Amino acid sequence: MSNPPRAPKVLQARGRRFWRATVAQYDLSDAELELLQEACTTLDDLDRLAEAIAKDGPMVLGSQGQPVVHPAVTEARGQRLALHRLVSALALPDD
């Protein structure tokens, strides 16, 4: 591919890196590019969640003052599953 598609402007650093690495190596259909953008956005979301966990710690105080798992920990778990499904749906060859 001589001129790979540019990374969407909404992507942050990690998503942009994954986008560029992927489109540099593979010629993707429009549908695959949509999946790739969702995967890249998910990577960026995971980074934001990791920042929140790093700032607050993995445990926070609940509504009754009790220690509870940070909601970002639970959300990150779900985002990782979504990322796995998105990347799997792209069906990129495993070099």
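This section describes the fold of a predicted model and the surroundings of selected residues.

The chain comprises three helices and two strands. Read from the N terminus, these elements follow the order α-α-β-β-α. The radius of gyration of the chain is 16 Å, whereas a compact globule of 95 residues would have a value near 12 Å. Along the principal axes, the C-alpha trace extends over about 55 × 25 × 20 Å. Of the 95 residues in the chain, 27% are buried. When contacts between residues at least 6 apart in sequence are considered, 51% of them join residues at least 24 apart.

The surface and the charges of the chain were also characterised. The accessible surface amounts to about 6500 Å², and carbon and sulfur atoms account for 53% of this area. The chain carries 11 positive and 13 negative charges, and the mean positions of the two sets lie 7 Å apart.

In the N-terminal part of the model, A7 is located in the segment that precedes helix 1, which spans residues 13-25. Apart from residues up to four places away in sequence, A7 touches R16 and W19. The C-alpha atoms of A7 and R17 are 8.8 Å apart in space, with a separation of ten residues in sequence.

Within helix 1 itself, T22 was examined. The relative accessible area of T22 is 5%, so this residue is classed as buried, the cut-off being under 20%. Beyond its neighbours within four places in sequence, T22 is in contact with L28, L36 and L92.

The loop between helix 1 and helix 2 contains D27. In contrast to T22, which is buried, D27 is exposed, with a relative accessibility of 63%. D27 and Q12 are 15 residues apart along the chain, and 22 Å separates their C-alpha atoms.

D27 is also one of the residues touched by E32, the other being L90, when residues up to four places away in sequence are not counted. E32 belongs to helix 2, which covers residues 30-56. Its relative accessible area is 25%, and E32 is therefore partly exposed, as this value falls between the limits of 20% and 50%. The C-alpha atoms of E32 and P58 are 35 Å apart in space, the two residues being 26 positions apart in sequence.

The contact between E32 and L90 leads to the last helix. L90 is found in helix 3, and the range of that helix is 71-90. L90 counts as buried because its relative accessibility is 3%, which is under the 20% limit. With neighbours within four places in sequence left aside, the contacts of L90 are E32, L35 and L36. L36 is also among the contacts of T22. L28, another contact of T22, has its C-alpha atom 8.9 Å from that of L90, although the two residues are 62 positions apart along the chain.

A91 lies in the segment after helix 3. The phi angle of A91 is positive, at about 55°, although the residue is not a glycine. A91 is exposed, with a relative accessible area of 60%; L90, by comparison, is buried at 3%.

H70 occupies the loop between strand 2, residues 67-69, and helix 3, residues 71-90. Despite this loop position, H70 is buried, with a relative accessible area of 8%. A polar atom of the H70 side chain lies 2.9 Å from the backbone nitrogen of A72. This separation is within the 3.5 Å limit applied to polar contacts. Leaving out residues up to four places away in sequence, H70 touches A52, I53, D56, G57, P58, M59 and V60. P58, listed among these contacts of H70, is the residue whose C-alpha atom is 35 Å from that of E32.

Taken together, the residues examined include T22, L90 and H70 as buried positions, at 5%, 3% and 8% respectively. D27 and A91 are exposed, at 63% and 60%, while E32 is partly exposed at 25%.

Conventions. Residues are numbered from 1 along each chain as its sequence is written. This is a predicted model: local features need pLDDT of at least 70, side-chain atom pairs count only at pLDDT 80 or more; totals for chains, interfaces and linings use all residues. Side-chain values use heavy atoms; hydrogens and water are left out. Helices (H or I, at least four residues) and strands (E, at least two) are DSSP runs, numbered from the N terminus. The radius of gyration is taken over C-alpha atoms; the globule rule is 2.2 Å times the number of residues to the power 0.38. Buried means under 20% relative accessible area, exposed over 50%, partly exposed in between (1.4 Å probe, protein chains only). Contact means heavy atoms within 4.5 Å. Accessible areas come from the Shrake-Rupley method with a 1.4 Å probe; for residues, only the protein chains shown count as cover. Lys and Arg count as positive and Asp and Glu as negative; His and the chain ends are not counted. The place of a charge is taken as NZ of Lys, CZ of Arg, CG of Asp or CD of Glu. A polar contact is a pair of N or O atoms within 3.5 Å; within protein, one must be able to donate a hydrogen and the other to accept it, and residues adjacent in sequence count only if both atoms are side-chain atoms.
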